[in-house]
Amino acid sequence: MLNKKQEFRKRLIKYWGFTEQENEHALHPSLENLNKTPPPNTRKFVKRIIKASENQEKIIIFGDNDLDGCMSSGILLDCLKAFNCEAEIIFAKHHHNDGPGIRKKHIDGKLENVKIIITIDCSVRDEDVIKELDKLNIDLWTIDHHPYLFGTKEQCVNSTFTGNHFKHYCAAGLAFRISLEFQKIKKNTKQIENHLVGCMLATIADSVKLRGDNRTIVICGIEKWFKTDLPVFKLLNFEDRKNISKNLFTIRKKAVSPLNSPPRYDDPHLTVSSLFCKRSKKAEEITRKIKKYNKKRIEESKKMFKKTNNQKIKKNCINVFYEKKFSPIYVSQIAGRISFEEKTPSIVFAESDEGCLRGSARSPDGCEIRDLVINGLKDIAIDIGGHPQAFGLTIKKDDFEKAKKIIETIPISFNTKNKEFLTLNGLPYEDALKIMNEYEPYGSGFRKPTIHE
Ligand SMILES: [Mn+2]
């Protein structure tokens with residue numbers, strides 16, 4: 001016979017849909033729990049890089065310019081450097097009309113003597129790129145957590161490929177798994193700890209699901225965060241609160257968001273070169289810039305958010321916002337804040353180049369809108385891509401009113417699982433709370449249930 005506590009725990013595990021092993025891992029996080037099998041093609045990729053290092057083949061990494069993009073490129077470059085590869089990073093600019101990814105214009109004039117191109121947190125968006133690389137006999141590898149687009153499937157390390165344990169990884173998660181494979185050849189404990197901390201920051205930044213391996217990475221990464229000796233991380237550090245949820249919250253506020261600012265101000269190289277840099281002088285210089293950019297980010301986004309307050313929020317629909325003064329740098333942040341505070345999906349547009357509007361969509365847990373919007377705007381959108389609850393899109397400025405009308409009339413629905421209550425069945429509330437606290441931290445895709453007394 002189960003006692004009341006055991007019964008409650010059983011209901012909790014069922015609520016989250018945990019297997020027994022997942023439950024065990026959630027309660028006792030350790031890197032040992034990471035799935036033993038790396039994502040498909042990881043080992044093949046590492047082998048190819050080893051060969052490139054032996055032959056001194058020139059490598060270009062194309063990254064995306066948010067924190068996950070910078071972190072994943074940074075981790076990868078750090079691995080490649082440890083194997084004496086000749087490699088550099090180029091950022092395919094993100095917040096322009098094309099959305100993330102490389103097109104012909106990004107590679108033109110940059111391929112001299114290049115033998116391998118790696119795209120990470122972004123992929124090839126243009127068939128002409130594939131043709132050009134084929135012609136020049138350049139090997140293309142794609143590492144991404146966005147749906148696969150072009151290239152040879154066998155040369156993609158992709159979170160969306162069939163398989164379970166890696167499906168929620170962000171790009172830095174994939175880079176971390178690659179790093180773990182490199183470490184099997186040349187052990188460097190310090191480097192793996194640094195990459196773990198970096199991966200933790202990117203996992204928080206990208207708001208991927210806080211379950212399975214991601215959860216392990218975040219919890220173990222936070223533990224290492226307080227012991228890191230990397231100058232730039234140390235400068236963003238603060239006191240260890242002994243409460244994992246509070247630490248996660250503060251890390252998001254004091255490290256993740258600030259680190260996300262410089263790359264979005266068109267300086268992703270600054271972020272990448274700072275992340276794993278061991279010189280404290282450089283770290284000081286960079287954190288000064290991070291602070292400056294961050295101050296600007298807070299001020300500008302506050303102004304922008306205030307403007308969205310003039311518009312009445314409509315319930316049960318995707319709310320669309322646009323004003324001439326909005327900046328495309330902050331649209332994702334504003335959309336995120338609206339969807340979080342109003343518990344409703346939203347899309348915020350701002351003017352970008354060439355008569356276009358760049359928008360960012362965010363929706364709360366349990367409400368997936370990407371495919372609905374793709375379908376609704378199929379004759380209008382120039383580009384749509386990203387995750388079911390967080391994606392970017394570009395439309396022509398002239399199409400705005402038409403697009404707004406379509407988007408706001410799309411019927412949306414919430415997965416009601418979020419509204420389920422857990423009953424106490426006679427267990428004192430304090431006891432239930434104690435059990436739930438064992439499972440902290442909560443986050444995206446892993447919510448604390450509401451209790452019914
Ligand atoms: Mn990403």
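The centres of domain 1 and domain 2 sit 32 Å apart, taken over C-alpha atoms, with the domain bounds coming from an automatic or database domain assignment. Where these two domains touch, domain 1 puts in 14 residues and domain 2 puts in 13; two residues are in contact if their C-beta atoms, placed from the backbone, lie within 7 Å. What you're looking at is a predicted model, where local features need pLDDT of at least 70, side-chain atom pairs count only at pLDDT 80 or more, and totals for chains, interfaces and linings use all residues. Residue numbers start from 1 along each chain as its sequence is written.

**Domains and their contact**

- The assignment splits the protein chain into domain 1 (4-16 + 24-34 + 420-452), domain 2 (42-270) and domain 3 (309-408).
- On the side of domain 1 that touches domain 2, you'll find seven nonpolar, six polar and one charged residues.
- For those classes, Ala, Val, Leu, Ile, Met, Phe, Trp, Tyr, Cys and Pro count as nonpolar, Asp, Glu, Lys and Arg as charged, and the others, Gly among them, as polar.

**The chain as a whole**

- There are 17 helices and 12 strands in the protein chain; helices (H or I, at least four residues) and strands (E, at least two) are DSSP runs, numbered from the N terminus.
- The protein chain is as compact as a globular protein of its length, because its radius of gyration of 22 Å is close to the 22 Å that the globule rule gives for 453 residues.
- That radius is taken over C-alpha atoms, and the rule is 2.2 Å times the number of residues to the power 0.38.
- Along the principal axes, the C-alpha atoms fill a box of roughly 70 × 55 × 45 Å.
- Of the 453 residues, 42% count as buried, meaning that 20 or more other C-beta atoms lie within 10 Å of the residue's own (exposed is 12 or fewer, partly exposed is in between, and C-beta atoms are placed from the backbone).
- Take the contacts between residues at least 6 apart in sequence: 69% of them join residues at least 24 apart.

**Strands β6 and β7**

- Strand β6 (residues 319-322) is covered on both faces, with N319 and F321 buried on one side and V320 and Y322 buried on the other.
- In a regular strand, side chains alternate between the two faces of the sheet.
- β6 runs parallel to strand β7 (residues 346-351), and four bridges join them; strands pair if DSSP finds at least two bridges between them.
- V320 has I347 of β7 as its bridge partner.
- Getting from β6 to β7, the chain passes through helix α14 (residues 331-342) in a right-handed β-α-β crossover.
- Right-handed here means that, with the strands pointing away from the viewer, the path from the first strand over the helix to the second runs clockwise.

**Loop residues to look up**

- Most residues other than glycine have a negative phi, and most peptide bonds are trans.
- K343, in the loop between α14 and β7, isn't a glycine but has a positive phi of about 55°.
- K343 is partly exposed because 16 other C-beta atoms lie within 10 Å.
- D121 is another non-glycine with a positive phi, about 60°, and its loop runs between β3 (114-120) and α6 (127-135).
- With 31 other C-beta atoms within 10 Å, D121 is buried.
- P441 lies in the loop between α17 (429-437) and β12 (450-452), and the peptide bond joining E440 and P441 is cis, with omega about 5°.
- D379 sits in the loop between α15 (370-376) and β9 (383-387), and counts as exposed with 8 C-beta neighbours inside 10 Å.
- The C-alpha atoms of D379 and A403 are separated by 9.8 Å, while the two residues are 24 residues apart along the chain.
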